[in-house]
Amino acid sequence: MTHLVLVGLMGAGKTTVGQVCAERLDRGFVDTDDLVRMATGRTIPELFAERGEDGFRAAERTAVADACASPAPLVIACGGGAVVDPENRRSIASGFVVWLQAAPTVLAERVEADGTERPLLAPRGTTATLERLSIVRAAAYEAVADAVVDTEGRDVSAVADAVLAVFPPPGGGGS
Ligand code: S3P
């Protein structure tokens, strides 16, 4: 029984798509940002403000490890930057990893619409930052991804269909 792990940049739809996939697979859903919030008693912006990005990443590492260690198979939505950490990549690689993709302009529209405060996007402009992160992080996403799903022009349900079409891996670990 394999975890279904969703990775991708902010705005890729990891949380919304993950929730739908979990319902359809009849398994639990975990968002690593939620685990960080629960473990620290702080919002993500509070954590960045109090402990800096390093403090957030330390809490995120624990969250990713905890989620991946669940004996029950889960759908796990990873915060967009989790893949940068090699230890996280090792944890994540134990599951079946789907990289949700969209162009930075599309991601920017989505994060502006969803209202979630994301500290990394505040200082420099959303599209420019997402363009930069898409370049900087591409190799890390590629290193962990078992499959890639294009989310552009698809609603949440259609993206979930596309994800579940590639999961479980053919002849592989099963769901
Ligand atoms: C981050 C993505 C966010 C959150 C934090 C940092 C990143 O999660 O973990 O603000 O570094 O890309 P989402 O990808 O769910 O927005």
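The following paragraphs describe two helix packings and the ligand surroundings in a predicted model.

Helix H1, spanning residues 14-25, packs against helix H7, which covers residues 156-166; their axes come within 9 Å and cross at roughly 60°. An angle of this size falls outside the ranges counted as roughly parallel (under 35 degrees) or roughly perpendicular (65 to 115), and the two helices H1 and H7 are therefore oblique to each other. The crossing of H1 and H7 is right-handed. On the H1 side, the contact involves Thr 16, Val 17, Val 20, Cys 21, Arg 24 and Leu 25, which meet Val 156, Ser 157, Val 159, Ala 160, Asp 161, Val 163 and Leu 164 of H7. By residue class, this contact of H1 with H7 comprises nine nonpolar, two polar and two charged residues.

A second packing joins helix H5 (residues 104-114) to helix H6 (residues 126-144), with an angle of about 130° and axes 9 Å apart. H5 and H6 are therefore likewise oblique to each other, and H5 passes H6 in a right-handed crossing. H5 contributes Pro 104, Thr 105, Leu 107, Ala 108, Val 111 and Glu 112, whereas H6 contributes Thr 126, Thr 127, Leu 130, Glu 131 and Ser 134. Five nonpolar, four polar and two charged residues make up the contact of H5 with H6.

The ligand is surrounded by 14 residues, of which Lys 14, Asp 33, Arg 57, Arg 118 and Arg 137 are the closest. A side-chain N or O atom of Arg 57 is 2.6 Å from an oxygen atom of the ligand. For Arg 118, a polar side-chain atom lies 2.7 Å from a ligand oxygen atom. Gly 80 approaches through its backbone, with an N or O atom 2.9 Å from an oxygen atom of the ligand.

Methods. Residues are numbered from 1 along each chain as its sequence is written. This is a predicted model: local features need pLDDT of at least 70, side-chain atom pairs count only at pLDDT 80 or more; totals for chains, interfaces and linings use all residues. Side-chain values use heavy atoms; hydrogens and water are left out. Axes are lines fitted to C-alpha atoms, for helices over the stretch in contact, and angles run from 0 to 180 degrees between N-to-C directions. Helices (H or I, at least four residues) and strands (E, at least two) are DSSP runs, numbered from the N terminus. Angles under 35 degrees count as roughly parallel, over 145 as roughly antiparallel, 65 to 115 as roughly perpendicular and the rest as oblique. A crossing is left-handed if the near helix is turned anticlockwise from the far one by less than a right angle, and right-handed if clockwise. Contact means heavy atoms within 4.5 Å. Ala, Val, Leu, Ile, Met, Phe, Trp, Tyr, Cys and Pro count as nonpolar, Asp, Glu, Lys and Arg as charged, and the others, Gly among them, as polar. A residue is near a molecule or strand if one of its heavy atoms lies within 4 Å of it. A polar contact is a pair of N or O atoms within 3.5 Å; within protein, one must be able to donate a hydrogen and the other to accept it, and residues adjacent in sequence count only if both atoms are side-chain atoms.
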